[in-house]
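Visitor: I would like to go through the labels attached to this model and hear the reasoning behind each one.

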Amino acid sequence: MDSKAYLKLIRPKQWIKNFFVMVPLFFGGELFNLKALIAGAITFLAYSFAASSIYCYNDIHDVDDDRRHPAKCHRPVASGAVSILKAYIIMVLMILLSMACIVFLPENNFETGGVILFYWLLNLAYCARLKRYAIVDVCIVAFGFVLRLFAGGFASDILLSKWIVLMTFLITLFMSFAKRRDDVLRMEETGEAPRHNTIRYNLTFINQAITITASVTLVCYIMYTVSPEVIENFHTDYLYLTSVFVLLGLLRYIQLAVVDEESGDPTKIILKDHFTQLVVFAWLVSFMIIIYVFKR
């Protein structure tokens, strides 16, 4: 048994996306609440197992297309390292582990489990059919991150701000469009569409979509930092200062997408690009200092 092939199948490196379940704790000021942290950690594991189940199904469903792809042909199912039957077994095992984790939540098990199960079913439909439709595909990806917020909010019993929900959808929609730009460039170079819906995108549309979503994301974040409810909740009116880091982060991502043409995998960018890491770290530190130290 090749353990590396199975690890590659469930893609643990992609689990970094599921830290979005901790976002409600951060913006809710409960980051040092042990009970909330435990609930967030359990939800993170549950969501990660559910996501791994989807990765298994995606590799099974796309096996024929992956075998013709220069990079995806090395995926475990496409390469033959893991059989389709075993991939199905791992898929079922992952979703069962996910639901088992929910049992250990201190409260709101049903609501949290319901959100994760809905995410799982939606993404099965996405892999099977919905990803063929342009615009619909990126919206579903972005909505998946919103569902992560709801799962984390239910698990930790934190009421989500409408601004946080909007910003999460917008920034992940922005990154999804940037990723599709990579596909369009590859299609123009090779003459073949990496995805079924890539022919419904072109550089002009993608560039405009990236600009619009980045602009609206920045405006939404600024509106969040100056909204009365947020100022009252955190007892500070200095959060607007952190907007500079959001702007820098968006500009850097656009630079990577448009100039360097390296927007194919947002996870790799976060893990490898030092400028992006520095901006995210600076934003986190400044935000925490303002809400936990410089209170009125």
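Visitor: What makes R11, D59 and R75 a network of salt bridges?
Guide: In this predicted model, D59 forms a salt bridge with R11 and another salt bridge with R75. The closest N and O atoms are 2.4 Å apart for D59 and R11, and 3.5 Å apart for D59 and R75. The cut-off is 4 Å between a side-chain nitrogen of Lys or Arg and a carboxyl oxygen of Asp or Glu, so D59 is linked with R11 and with R75.

Visitor: Why is the pair of D59 and R11 said to tie together parts that are apart in sequence?
Guide: D59 lies in helix α3 (residues 34–61) and R11 in the loop between α1 and α2, so the parts tied together are 48 residues apart in sequence. For D59 and R75 the separation is 16 residues, because R75 is in the loop between α4 (63–67) and α5 (76–79).

Visitor: How do you know that D59 and R11 are buried?
Guide: Buried means under 20% relative accessible area. D59 has 1% relative accessibility and therefore counts as buried. R11, with a relative accessible area of 19%, is buried as well. R75 is also buried.

Visitor: What makes D137 and R180 a salt bridge?
Guide: Their closest N and O atoms are 2.7 Å apart, and the limit is 4 Å, so the pair qualifies. D137 lies in helix α8 and R180 in helix α9, so the pair ties together parts that are 43 residues apart in sequence. D137 is buried, with a relative accessible area of 0%, and R180 is buried at 4%. A search of the whole structure finds 7 salt bridges.

Visitor: Why is the pair of F20 and F145 called edge-to-face?
Guide: The ring centres are 4.9 Å apart and the planes are at 70 degrees. Rings pair if their centres lie within 6.5 Å, and planes over 60 degrees apart count as edge-to-face, so the label applies to F20 and F145. F20 lies in the loop between α1 (3–10) and α2 (23–27) and F145 in helix α8 (residues 136–156), so this pair ties together parts that are 125 residues apart in sequence. The whole structure has 17 aromatic pairs.

Visitor: Why is F20 called partly exposed, and F145 buried?
Guide: Partly exposed covers the range between under 20% and over 50%. F20 has 21% relative accessibility and so counts as partly exposed. F145 has a relative accessible area of 10% and is therefore buried.

Visitor: What makes the phi of I135 and of D157 worth a remark?
Guide: Most residues other than glycine have a negative phi. I135 is not a glycine, yet has a positive phi of about 75 degrees. D157 is not a glycine either, and has a positive phi of about 60 degrees. I135 is found in the loop between α7 (109–128) and α8, and D157 in the loop between α8 and α9.

Visitor: How do you know that D157 is exposed, and I135 partly exposed?
Guide: Exposed means over 50% relative accessible area. D157 has 51% and so counts as exposed, whereas I135, at 41%, is partly exposed.

Notes. Residues numbered from 1 in each chain as written. Predicted model: local features only at pLDDT ≥ 70, side-chain atom pairs only at ≥ 80, totals over all residues. Heavy atoms only, no water. Phe/Tyr/Trp six-rings, centres within 6.5 Å; stacked < 30°, edge-to-face > 60°. Helix = DSSP H or I, 4+ residues; strand = E, 2+ residues; numbered from the N terminus. Buried < 20%, exposed > 50% of the residue type's maximum accessible area, 1.4 Å probe, protein only.
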